[in-house]
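Here are a few exercises to work through with the structure open beside you. Try each task yourself before you read its solution.

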Amino acid sequence: MSVGYQYVVLRLVPSIEREEFLNVGVALYAQMADFLDARFHLDAARLAAFAPTLAAGDVEQSLASLCADVRGEPCPGRPDLPKLGQRFGWISAPRSTIVQPGPMHGGVSNDPGATLERLVDRLVR
């Protein structure tokens with residue numbers, strides 16, 4: 001059964017003023033399939049060339065924390081959002097942190113999990 005989905009690309013923005021970013025992940029929400037998940041991939045060589053002052057470990061920790069938020073795992077200092085739609089709204093809301101969501105996009109899929117993997121391959125890796 002095909003279901004509609006929405007997704008945002010997660011962007012690493014080391015300097016907001018420069019408006020440059022590196023795609024590092026994707027968060028995908030399919031309400032009718034009761035699906036919300038995120039994946040990230042951080043290429044250390046690309047990170048070193050793009051933002052040499054950032055430590056890959058720190059960026060990976062931020063991305064892992066964001067993915068834990070998507071899965072609803074408790075995180076200190078983050079709101080408790082039990083519903084998938086609420087969590088996706090929080091993840092996709094504009095922010096001025098080092099990891100920011102891009103614009104929201106949508107589509108239709110028979111398998112949101114496989115679609116998430118394809119998007120990460122196409123847009124991040």
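**Exercise 1. A bridge partner**

Which residue in β2 is the bridge partner of Q6?

Solution. Keep in mind that you are looking at a predicted model.
- Step 1: Find the two strands, β1 at residues 3-12 and β2 at residues 22-30.
- Step 2: Note that β1 and β2 run antiparallel and are joined by 7 bridges.
- Step 3: Look across from Q6 into β2, and you arrive at Y29, its bridge partner.

**Exercise 2. The whole sheet**

Work out the order of the strands in the sheet, and say which strands lie at its edges.

Solution.
- Step 1: Line up the 4 strands; the order is β3-β2-β1-β4, in an open sheet with antiparallel pairing.
- Step 2: Look for strands that pair on one side only: these are β3 (35-40) and β4 (99-109), the edge strands.
- Step 3: Follow the turn of the sheet from one strand to the next, where the twist averages 20 degrees.

**Exercise 3. Helices on the sheet**

Which strands does helix α2 touch, and which does helix α4 touch?

Solution.
- Step 1: Take α2 (residues 56-70), which packs on the sheet and touches β1, β2, β3 and β4. The direction of α2 makes about 170 degrees with that of β3.
- Step 2: Move on to α4 (residues 112-123), which also packs on the sheet and has contacts with β1, β2, β3 and β4. Here the angle to compare is with β2, and it is about 165 degrees.

**Exercise 4. Two helices together**

Are α2 and α3 roughly parallel or roughly antiparallel?

Solution.
- Step 1: Find α3 at residues 84-92; its axis lies 9 Å from that of α2, and the two helices pack at about 150 degrees.
- Step 2: Angles over 145 degrees count as roughly antiparallel, so α2 is roughly antiparallel to α3.
- Step 3: Pick out the residues that meet: L66, D69 and V70 from α2, with R87, W90 and I91 from α3.

**Exercise 5. The chain as a whole**

Describe the pattern of elements along the protein chain, then decide how compact the chain is.

Solution.
- Step 1: Count the elements, which are 4 helices and 4 strands.
- Step 2: Read along the sequence to get β-β-β-α-α-α-β-α.
- Step 3: Compare the radius of gyration, 14 Å, with the 14 Å from the globule rule for 125 residues; the two are close, so the protein chain is as compact as a globular protein of that length.
- Step 4: Add the burial: buried residues are 38% of the 125.
- Step 5: Finish with contacts between residues at least 6 apart in sequence, 60% of which join residues at least 24 apart.

How values were computed:
Residues are numbered from 1 along each chain as its sequence is written. This is a predicted model: local features need pLDDT of at least 70, side-chain atom pairs count only at pLDDT 80 or more; totals for chains, interfaces and linings use all residues. Side-chain values use heavy atoms; hydrogens and water are left out. Two strands pair if DSSP finds at least two bridges between them. Axes are lines fitted to C-alpha atoms, for helices over the stretch in contact, and angles run from 0 to 180 degrees between N-to-C directions. Contact means heavy atoms within 4.5 Å. The radius of gyration is taken over C-alpha atoms; the globule rule is 2.2 Å times the number of residues to the power 0.38. Buried means under 20% relative accessible area, exposed over 50%, partly exposed in between (1.4 Å probe, protein chains only). Angles under 35 degrees count as roughly parallel, over 145 as roughly antiparallel, 65 to 115 as roughly perpendicular and the rest as oblique.
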